[in-house]
Amino acid sequence: MATAKKTLVIVESPSKAKTIGKFLGGRYKVIASVGHVRDLPKSKLGIDIENDFEPQYISIRGKGDIIKELKKEAKNASKVFLATDPDREGEAISWHLAFLLGMDPASPCRIVFNEITKKAIQEAIKNPRPIDLSLVDAQQARRVLDRLVGYQISPLLWRKVRRGLSAGRVQSAALKIICDRENEIRDFKPQEYWTITAEFRKGRKFTAKLTEFKGRKLVIENREQNDEILAKLKNGHFEVRSLEEKDRTRKAAAPFTTSSLQQDAANKLNFSTKKTMMIAQQLYEGVEVKGRGTIGLVSYIRTDSVRISDEARAAAREYIVSTMGEQYYGGSVYKNRKKDVQDAHEAIRPSYVDLEPEAIKDSLSRDQFRLYSLIWNRFVASQMAPASFKQLSVVIANGDYDFRAVGSKMIFDGFLRVYSSSKDDETDRLLPDMQKGETLEATSIEGQQNFTQPPARFTEASLVKDLEEKDIGRPSTYAPIVATLIDRKYISKEKKSLIPTELGFIVTDMMEQYFKEIVDAGFTAQMEENLDDIETKGVRWKSVIEDFYGTLSEELKTADEQIEKVEFKEEPTGELCEKCGRPMVIKHGRFGAFAACTGYPECRNTKPIVQTVDVKCPKCGRDIVIRRSKKGRVFYGCSGYPDCDQVYWNKPVNKKCPKCGALLVEKKGKDTMYACSNSECDYRE
């Protein structure tokens with residue numbers, strides 16, 4: 001008897017395949033494409049500019065076995081569903097898969113779901129649709145545009161500045177924003193000002209700040225003015241001029257978008273944007289939860305939308321009412337502030353609101369737990385009632401000078417019961433009972449010198465916020481943008497601050513002079529809108545590219561003719577070349593800094609700049625240093641090479657294995673763990 005053919009479901013990642021496979025059962029086979037299967041070639045531009053910008057896609061190198069398996073499984077299946085992510089990138093992957101597998105993109109072969117739950121998957125299977133070519137075209141336009149910018153400006157930077165550099169449509173605009181902020185800080189001239197506060201005691205201490213003189217805002221510019229005002233105040237008396245009591249409410253923030261999640265995770269958890277997206281992806285694709293199996297814990301993580309489904313709203317209401325009471329339910333509906341081309345998505349929310357973070361803490365890594373808690377708390381809070389306060393404002397007069405004090409008392413905690421932002425101060429700031437016309441005695445009156453502060457440097461969180469406000473890029477691009485700027489040495493990260501390097505300024509100045517539109521925030525935002533119009537208004541994608549490329553090609557020609565080679569001041573290493581005796585200097589290449597002889601080209605001696613890891617070689621006692629293979633992969637080897645050949649592919653630590661005595665090495669996965677470097681020993685901790 002012949003075996004019944006199965007329905008094939010293709011997703012991007014193996015972990016997603018594992019989660020979905022458990023939901024669908026034996027009649028389905030779920031396999032992963034492991035990301036893209038076709039793309040533009042890496043070795044050349046891959047766009048036929050003379051033939052209407054036709055992309056020259058190829059199968060991705062190294063994906064041969066996966067493609068072969070996909071074709072084999074598709075041939076043996078009764079039906080094939082393409083279940084890649086529900087966004088432009090996912091739609092494009094499905095389109096490429098359809099091409100490779102000989103499927104008609106107009107057939108009902110595409111299934112989408114916003115969360116990886118059994119109900120969502122089964123619902124998607126019942127409602128397949130054709131591949132959305134508007135989404136595919138929107139992705140193709142971005143891919144081609146970014147390739148034209150990156151592959152044509154980057155070689156120019158290699159020739160004129162330094163090998164290994166790159167430019168990008170969004171990357172270069174983001175770099176200019178960081179450089180502009182640094183210039184503002186450098187040009188900033190502090191202005192002196194003074195503040196005067198009075199402290200009163202009436203049952204309890206409270207302070208009031210001098211704000212007005214004769215009904216107008218008061219600015220105290222120097223010590224002379226400060227001392228003159230203090231003398232007048234000390235000769236006068238204080239009287240309560242007015243009291244105003246009012247009820248105030250504070251609503252919860254909307255559920256997370258990709259951008260707001262990245263910002264909150266940076267501010268509250270100290271996560272980089274890259275780390276946030278990596279952990280969020282794990283929560284979306286599925287985690288093994290005790291008693292529930294492998295389940296997706298959050299909805300799709302790349303979204304600009306704050307909308308939530310009616311089903312999710314109903315689940316939130318049931319949870320809030322049953323655990324906290326009817327008075328805590330608010331049921332707010334949030335609307336997107338601007339046109340949202342991907343509003344088919346929901347906001348980021350827990351897939352199962354009844355799965356409280358503490359209840360599944362043992363199933364999650366520390367970082368997964370922290371991020372899941374943040375998402376869960378924000379979503380539940382968004383559906384809760386506002387917090388309410390009694391606020392008392394008092395104006396205390398001393399002649400023509402008015403002091404102001406504000407007190408508040410929380411009447412109802414509402415959403416603050418589960419979630420507070422950095423600006424939420426949950427402590428009561430109480431003022432004593434006072435009457436209009438009452439005289440008060442000041443226990444102290446003091447003036448304090450202050451200086452205006454320059455704008456703060458960008459952090460990852462504030463840069464993401466600024467990019468979003470300026471409509472530059474899309475949430476999925478924010479994490480790789482920052483990573484690329486750091487990798488290219490255009491910026492450095494000190495504590496949380498992003499600081500442009502000399503190289504960053506040089507590249508930005510060059511881009512601003514010769515490719516003004518690419519680094520202009522307004523132009524970049526307009527281009528985003530043009531790209532969105534491909535998806536929402538059916539604009540022909542190649543016409544958007546054509547309009548852009550006419551200007552770019554002229555700028556490339558001018559830049560190549562006019563830009564002179566940038567010469568960097570070479571930094572001496574303090575060593576002499578062992579071959580010819582001339583000084584060695586630091587140079588920069590594709591894989592970072594190295595030492596080179598100043599006698600080039602007569603002497604071509606180079607050697608790596610050695611970085612140690614504070615671990616001694618167990619064979620000979622010399623330092624273990626960081627090295628790179630010919631392909632650029634980092635490894636760790638003895639500084640005594642070639643006399644000693646001790647190497648590690650994972651970073652060794654100053655701790656020996658209690659079982660065999662070999663060094664332990666650091667292994668990074670969901671959490672950092674330590675394993676024995678001896679391949680025959682299975683010790684882990």
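**Reading the labels on this structure**

Me: Where is Lys-495 found in this predicted model?

Reply: Lys-495 is found in the loop that lies between strand 18 (491-494) and strand 19 (497-500). Its backbone has a positive phi of about 55 degrees, although Lys-495 is not a glycine.

Me: What makes Lys-495 count as exposed?

Reply: The relative accessible area of Lys-495 is 84%, and the label exposed requires a value over 50%, so Lys-495 at 84% is called exposed.

Me: Which other residue that is not a glycine has a positive phi, and where does it lie?

Reply: Asp-471 has a positive phi of about 60 degrees without being a glycine, and its place is the loop between helix 12 (460-469) and helix 13 (475-487).

Me: How do you know that Glu-228 and Lys-232 form a salt bridge?

Reply: The N to O distance between the two side chains is 3.7 Å, and the rule asks for a lysine or arginine side-chain nitrogen within 4 Å of a carboxyl oxygen of Asp or Glu, so the pair Glu-228 and Lys-232 qualifies. The two residues are four apart in helix 7 (residues 223-235), which means that about one helical turn separates them.

Me: Why are Glu-228 and Lys-232 called partly exposed?

Reply: Glu-228 has a relative accessibility of 48% and Lys-232 has a relative accessible area of 43%; since buried means under 20% and exposed means over 50%, with partly exposed in between, both residues take the middle label.

Me: What makes Glu-346 and Arg-349 a salt bridge, and are these residues buried or exposed?

Reply: The closest N and O atoms of Glu-346 and Arg-349 are 2.8 Å apart, a distance that satisfies the condition of within 4 Å. As for accessibility, Glu-346 stands at 7% and Arg-349 at 3%, and because the limit for buried is under 20%, the two residues are both classed as buried.

Me: Which parts does the salt bridge of Glu-575 and Lys-607 tie together?

Reply: The side chains of Glu-575 and Lys-607 meet with an N to O distance of 3.1 Å, and this is a salt bridge. Glu-575 belongs to strand 20 (residues 571-576) and Lys-607 to strand 23 (residues 606-608), so the pair ties together parts that are 32 residues apart in sequence. Glu-575, at 39% relative accessibility, is partly exposed, and Lys-607 is also partly exposed, at 23%.

Me: How many salt bridges does the rule give, and which residues are linked in a network?

Reply: The count comes to 39 salt bridges. Arg-88, Arg-142, Asp-146, Arg-169, Glu-528, Asp-532 and Glu-535 are linked by salt bridges into a network.

Me: What makes the peptide bonds before Pro-601 and Pro-642 noteworthy, and where do these prolines lie?

Reply: The bond from Tyr-600 to Pro-601 is cis, with omega near 10 degrees, and Pro-601 has its place in the loop between strand 22 (592-597) and strand 23. A cis bond also joins Tyr-641 and Pro-642, where omega is about 10 degrees, and Pro-642 is found in the loop between strand 26 (634-638) and strand 27 (647-648).

Me: Which residues have the most contacts inside the largest nonpolar core?

Reply: This core has 71 residues, and Val-9, Phe-113, Leu-283, Leu-297, Leu-371, Tyr-372 and Val-380 are those with the most contacts inside it. Helix 11 (residues 366-382) supplies the largest share of this core, nine residues. There is also a second, separate core of 59 residues, which includes Ile-47, Tyr-57, Ile-177 and Leu-503. When neighbours within four places in sequence are left aside, the contacts of Val-9 include Leu-24, Ile-31, Phe-81 and Ile-125.

Me: How do you know that strand 1 and strand 2 are paired?

Reply: Five bridges join strand 1 (residues 7-11) to strand 2, and the two run parallel; pairing requires at least two bridges, so five bridges meet the condition. Within this pairing, Ile-10 has Ile-31 of strand 2 as its bridge partner.

Me: Why are strand 2 and strand 7 called edge strands?

Reply: The open sheet has three strands in the order 2-1-7, with parallel pairing. Strand 2 (28-32) and strand 7 (79-82) each pair on one side only, and they are the edge strands. Neighbouring strands of this sheet are turned by 20 degrees against each other on average, direction ignored.

Definitions and conventions: Residues are numbered from 1 along each chain as its sequence is written. This is a predicted model: local features need pLDDT of at least 70, side-chain atom pairs count only at pLDDT 80 or more; totals for chains, interfaces and linings use all residues. Side-chain values use heavy atoms; hydrogens and water are left out. Buried means under 20% relative accessible area, exposed over 50%, partly exposed in between (1.4 Å probe, protein chains only). A nonpolar core is a set of buried Ala, Val, Leu, Ile, Met, Phe, Trp, Tyr and Cys residues joined through side-chain atoms within 4.5 Å. Contact means heavy atoms within 4.5 Å. Axes are lines fitted to C-alpha atoms, for helices over the stretch in contact, and angles run from 0 to 180 degrees between N-to-C directions.
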